[in-house]
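Biologist: I am new to this structure and would like a close look at a single part of it. Please start with the chain as a whole, then go to that part and to what surrounds it.

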Amino acid sequence: MIVCAGKTEEFTFATPIGVGLIESAMNLTQAVLFDRPEFILFIGSAGSYGHYKPFDIVESRGATQIERSFWQKCAYTPIDNAIVSEGLEIEHQTLVNSSNYITTCSDYNQAFVKAGIGLENMEFFSVLRVAQEHTIPAGGIFVVTNYCDNNAHKEYMNNIEKAKKLLQEYVIAKFKGVR
């Protein structure tokens, strides 16, 4: 099963599951319960904490859910906030951090990179968590649209159309005929 967030990031060969951690978790859970897939592949855009540049295509099987307050030592969490999925033929190039907030300040980017977290995508942690709960191999393929800094939104808007085209070409070439 190939899934995407939806709204500005839709693809003809992917099922939209919603934007953010909550919508994507609810809608993907419902989809998995009604028609259990052999695997889940999430495709979408990502912001870079600095290691990757716009229009890079990055594969991952791992995600974190770390808020900026963690680096500021202002918060803790009782949840297991890191997941790495096994069993899907996707490279694991970096961890992808998920939050319902998009980073627009680069103050903690190096902390993310030092922890092995190269990208930010709103939905990926919930996708891997749903897959983990249902013992389904999962991974993601991302196209970098912007850096995580004060120009994040403008850069995303300027790059999203070209980025989606590049991602679509990459996924079609890699997974011919898979749905």
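What does the accessible surface of the chain come to, and what percentage of it belongs to carbon and sulfur atoms? After that, please look closely at H4: which of its residues are buried, and which core takes its largest share of residues from H4?

Modeller: This is a predicted model, and everything below describes that model. The accessible surface of the chain comes to about 9200 Å². Carbon and sulfur atoms account for 53% of that surface. Of the chain's 179 residues, 51% count as buried.

The chain has 5 helices and 9 strands. In sequence order they give the pattern β-β-α-β-β-β-α-β-β-α-β-α-β-α. The radius of gyration is 15 Å, close to the 16 Å that the globule rule gives for 179 residues, so the chain is as compact as a globular protein of that length. Along the principal axes, the C-alpha trace spans about 40 × 40 × 25 Å. Among contacts with a separation of 6 or more, 78% join residues 24 or more positions apart. As for charge, there are 15 positive and 20 negative side chains, and the centres of these two sets lie 3 Å apart.

Now to H4, which covers residues 124–133. This helix is mostly covered, with 7 of its 10 residues buried. The buried ones are Phe124, Phe125, Ser126, Val127, Leu128, Val130 and Ala131.

The core in your request is the largest nonpolar core, which has 25 residues. The members that touch the most other members are Leu28, Ile40, Leu119 and Phe124. At least two residues of this core come from each of helix H1 (20–34), strand S3 (40–48), H4 and strand S9 (138–147). The largest share, 6 residues, comes from H4. A second, separate core has 16 residues, including Cys4, Phe39, Leu88 and Val143.

Leu119 shows how one of those well-connected members of the largest core is placed. Neighbours within four places in sequence aside, Leu119 is in contact with Ala46, Gly47 and Ser48, and also with Tyr49, Tyr52 and Val58. Its other contacts are Thr94, Leu95, Val96 and Asn97, together with Phe142 and Val144.

One residue of H1 leads back to H4. Gly20 is in helix H1 and counts as buried, because its relative accessibility is 2% and the cut-off for buried is under 20%. Apart from residues within four places in sequence, Gly20 is in contact with Asn100, Met122, Glu123 and Ser126. Ser126 is one of the buried residues of H4. By way of contrast in distance, the C-alpha atoms of Gly20 and Gln93 are separated by 22 Å, with their positions 73 residues apart along the chain.

What follows H4? Thr135 comes after this helix, and its phi is positive, near 50 degrees. Ile136 lies in the loop between H4 and S9. With a relative accessible area of 4%, Ile136 is buried. Not counting residues up to four places away in sequence, Ile136 touches Val32, Arg36, Pro37, Glu38, Phe39, Ile40, Ser85 and Ala131. Ala131 is one of the buried residues of H4, Ile40 is among the well-connected members of the largest core, and Phe39 is in the second core. The C-alpha atoms of Ile136 and Ile117 are 19 residues apart along the chain and separated by 23 Å.

A few other places in the chain complete the picture. Phe112 is in helix H3 (residues 109–114) and counts as buried at 5% relative accessibility. With residues up to four places away left out, Phe112 touches Tyr49, Ile66, Trp71, Asn97 and Ile117. Tyr49 and Asn97 also appear among the contacts of Leu119. The C-alpha atoms of Phe112 and Asn97, 15 residues apart along the chain, are separated by 8.5 Å.

Two loop residues have positive phi values although neither is a glycine. Lys7 has a phi of about 55 degrees and sits in the loop between strand S1 (2–4) and strand S2 (15–16). At 66% relative accessibility, Lys7 counts as exposed. Phe55 has a phi near 80 degrees and is found in the loop between S3 and strand S4 (57–60). Its relative accessible area is 24%, so Phe55 is partly exposed.

Terms used
Residues are numbered from 1 along each chain as its sequence is written. This is a predicted model: local features need pLDDT of at least 70, side-chain atom pairs count only at pLDDT 80 or more; totals for chains, interfaces and linings use all residues. Side-chain values use heavy atoms; hydrogens and water are left out. A nonpolar core is a set of buried Ala, Val, Leu, Ile, Met, Phe, Trp, Tyr and Cys residues joined through side-chain atoms within 4.5 Å. Buried means under 20% relative accessible area, exposed over 50%, partly exposed in between (1.4 Å probe, protein chains only). Helices (H or I, at least four residues) and strands (E, at least two) are DSSP runs, numbered from the N terminus. Contact means heavy atoms within 4.5 Å. The radius of gyration is taken over C-alpha atoms; the globule rule is 2.2 Å times the number of residues to the power 0.38. Accessible areas come from the Shrake-Rupley method with a 1.4 Å probe; for residues, only the protein chains shown count as cover. Lys and Arg count as positive and Asp and Glu as negative; His and the chain ends are not counted. The place of a charge is taken as NZ of Lys, CZ of Arg, CG of Asp or CD of Glu.
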